[in-house]
Amino acid sequence: MHEEFLELKQRPYPPPASPWILTQKWNHLLFMHWKASKDQLNSRLPPALELDTFNGEAYIAIIPFLVDGMRARNLPEIPLLGSYIELNVRTYVRYKGVPGIYFFSLDANHPPSVAGASIFFSLPYRNAAMEIRVDGSFINFRSSRNHPGKEAFDFYAAYKPVSDIYIPETGSLEHWLFERYCFFTERGKSIYRGDIHHDMWRVQTADCQIKQNTLDFSLLDEPLLHYSTPKQVFFWPLEKAGDVSER
C-alpha cells in the first residue's frame with residue numbers, strides 16, 4: 001500500500017491491489033446536485049446498471065473544476081499536457097451491488113485529454129471552449145461544447161464557498177453523494193469498472209449564480225451546492241466487470 005492511501009475508512013471496498021496508473025489534482029470544484037426523474041435517468045443508463053437512490057430519490061450532478069498536475073505513475077508532469085478545465089454530468093448507480101458513478105458526459109478544453117480518456121477509459125468526453133477565472137470572491141466558469149456531431153451544451157455560472165470546511169457525516173446524503181470510488185462504463189458488450197482513490201471529501205456549502213444551463217435533463221427543486229478544497233486523485237486502468245446482459 002502506498003503512502004497516498006492512509007485514509008481508507010470512508011471506502012465501501014478497498015482500492016485495487018495493483019498500482020495506480022494516473023494522478024491529477026482537482027481545483028475550484030463545485031458539486032451541483034439536483035433531484036431528478038428516475039424514469040428519465042433510467043432511460044439513459046445502460047440496462048445492466050441499476051440506478052442508485054437515497055431515501056428513494058435519484059440525483060444528477062453538474063461538476064465544474066480545474067485539473068492540474070496530471071501525470072502518469074513514475075513520470076513527471078508533461079508541460080502543456082497536465083492542466084485543463086472539465087465539466088462533467090453524472091448520476092449514481094450500482095452494478096452487482098457495488099456503488100459507483102455513471103457519466104452522461106464529460107466536457108474538457110484539452111483535445112489530447114478528450115481523445116485519451118475516450119480511448120483508454122471509454123468515457124464520453126467532448127471538446128468544449130472553456131474558461132475559469134477568479135473574480136474577487138467568485139469563481140467564474142464558462143463552457144460551450146464544440147465537439148463535431150455531438151449535441152450542444154452551454155453552461156455559465158459564478159460560485160464561491162460560504163461556510164467553514166467540514167467532512168460530511170457517514171450516512172448523510174452528502175456522504176452518499178460524494179464518497180464514490182469507481183465509475184462504470186460500456187465497452188462493446190461488456191460493462192467496465194474504473195477505480196479511483198482520494199482522501200475524504202472536505203467541503204464547504206456554496207453560493208452559485210447559474211447564468212446559463214442548456215443541459216437536456218429535467219432538474220427538480222433547487223440544487224445542493226458544495227465547494228471542495230483541492231483534491232489529489234489516483235486512477236487505475238479499466239477492468240471488465242461483467243456483460244451488458246448481467247446486473
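How many nonpolar, polar and charged residues does the lining of the largest pocket have? Here is a friendly walk through that point and a few others; please keep in mind that this is a predicted model.

1. **The lining by class.** The lining of the largest pocket has 29 nonpolar residues, alongside 7 polar and 5 charged ones. The volume of this pocket is about 760 Å³. If you would like to find its centre on screen, look for Leu-22, Gln-24, Met-70, Tyr-84 and Phe-121, which lie nearest to it among the 41 lining residues.

2. **Where that lining comes from.** Several elements each give at least two residues to the lining of the largest pocket. Among them are the strands β1 (22-27), β2 (29-36), β4 (58-72), β5 (84-95) and β6 (98-108). Helix α2 (111-120) and strand β10 (182-187) also supply at least two residues each.

3. **The second largest pocket.** This one has a volume of about 210 Å³. It is lined by 14 residues, and Arg-44, Arg-145, Glu-151, Leu-215 and Phe-217 are the closest to its centre. By class, its lining divides into 7 nonpolar, 2 polar and 5 charged residues.

4. **Arg-145 and its partner.** Arg-145 deserves a second look, as it also forms a salt bridge with Asp-107, with 3.0 Å between the closest N and O atoms. The pair links distant parts of the chain, 38 residues apart: Arg-145 belongs to strand β8 (residues 138-145) and Asp-107 to strand β6. Are the two partners buried or exposed? Arg-145 has a relative accessible area of 9%, under the 20% cut-off, and is therefore buried. Asp-107 is buried as well, with a relative accessible area of 0%.

5. **A salt bridge with partly exposed partners.** The structure holds 14 salt bridges. Another of these joins Arg-133 to Glu-131, where the closest N and O atoms are 3.7 Å apart. Arg-133 counts as partly exposed at 37% relative accessibility, and Glu-131 counts as partly exposed at 36%.

6. **Lys-231 and Asp-199.** These two side chains meet in a salt bridge of 2.5 Å, N to O. Lys-231 is in strand β14, while Asp-199 is in the loop between β11 (190-197) and β12 (203-213), so their pairing ties together parts 32 residues apart in sequence. The partners sit in unlike surroundings: Lys-231 counts as buried at 2% relative accessibility, whereas Asp-199 is partly exposed at 33%. The pair also belongs to a network in which salt bridges with shared partners join Glu-7, Lys-9, Asp-199, Arg-202 and Lys-231.

7. **Thr-229, in touch with the network.** Which residues does Thr-229 touch, leaving aside those up to four places away in sequence? They are Trp-26, Ile-165 and Arg-202. Arg-202 is a member of the salt-bridge network just described, and its backbone oxygen lies 3.3 Å from a polar atom of the Thr-229 side chain. You will find Thr-229 in the loop between β13 (219-228) and β14 (231-235). Its relative accessible area is 19%, which falls under the 20% cut-off, so Thr-229 is buried.

8. **Helix α2 and its cover.** The buried residues of α2 include Ser-113, Val-114, Gly-116 and Ala-117. An α-helix has 3.6 residues a turn, so residues three or four places apart point the same way. Among the elements covering the buried residues of α2 are β4, β5, β6 and β7 (125-135). Just after the helix comes Ser-122, with a positive phi near 55°.

9. **Two further positive phi values.** Most residues other than glycine have a negative phi. Asn-74 has a positive phi, near 65°, and its place is in the loop between β4 and β5. Asp-221 also has a positive phi near 65°, but Asp-221 lies in strand β13. Are these residues buried or exposed? Asn-74 is exposed, with a relative accessible area of 70%, and Asp-221 counts as exposed at 53%, because the cut-off is over 50%.

Definitions and conventions
Residues numbered from 1 in each chain as written. Predicted model: local features only at pLDDT ≥ 70, side-chain atom pairs only at ≥ 80, totals over all residues. Heavy atoms only, no water. 1 Å grid on protein atoms, 1.4 Å probe; cavity = no way out; pocket = protein on both sides within 12 Å on 5 of 7 lines; lining within 4 Å. Points joined across faces, edges and corners; volume = space filled by probe spheres on them. Helix = DSSP H or I, 4+ residues; strand = E, 2+ residues; numbered from the N terminus. Nonpolar A, V, L, I, M, F, W, Y, C, P; charged D, E, K, R; others polar. Buried < 20%, exposed > 50% of the residue type's maximum accessible area, 1.4 Å probe, protein only. Polar contact = N/O pair within 3.5 Å; in protein donor to acceptor, adjacent residues only side chain to side chain. Contact = heavy atoms within 4.5 Å. Salt bridge = Lys/Arg side-chain N within 4 Å of Asp/Glu carboxyl O.
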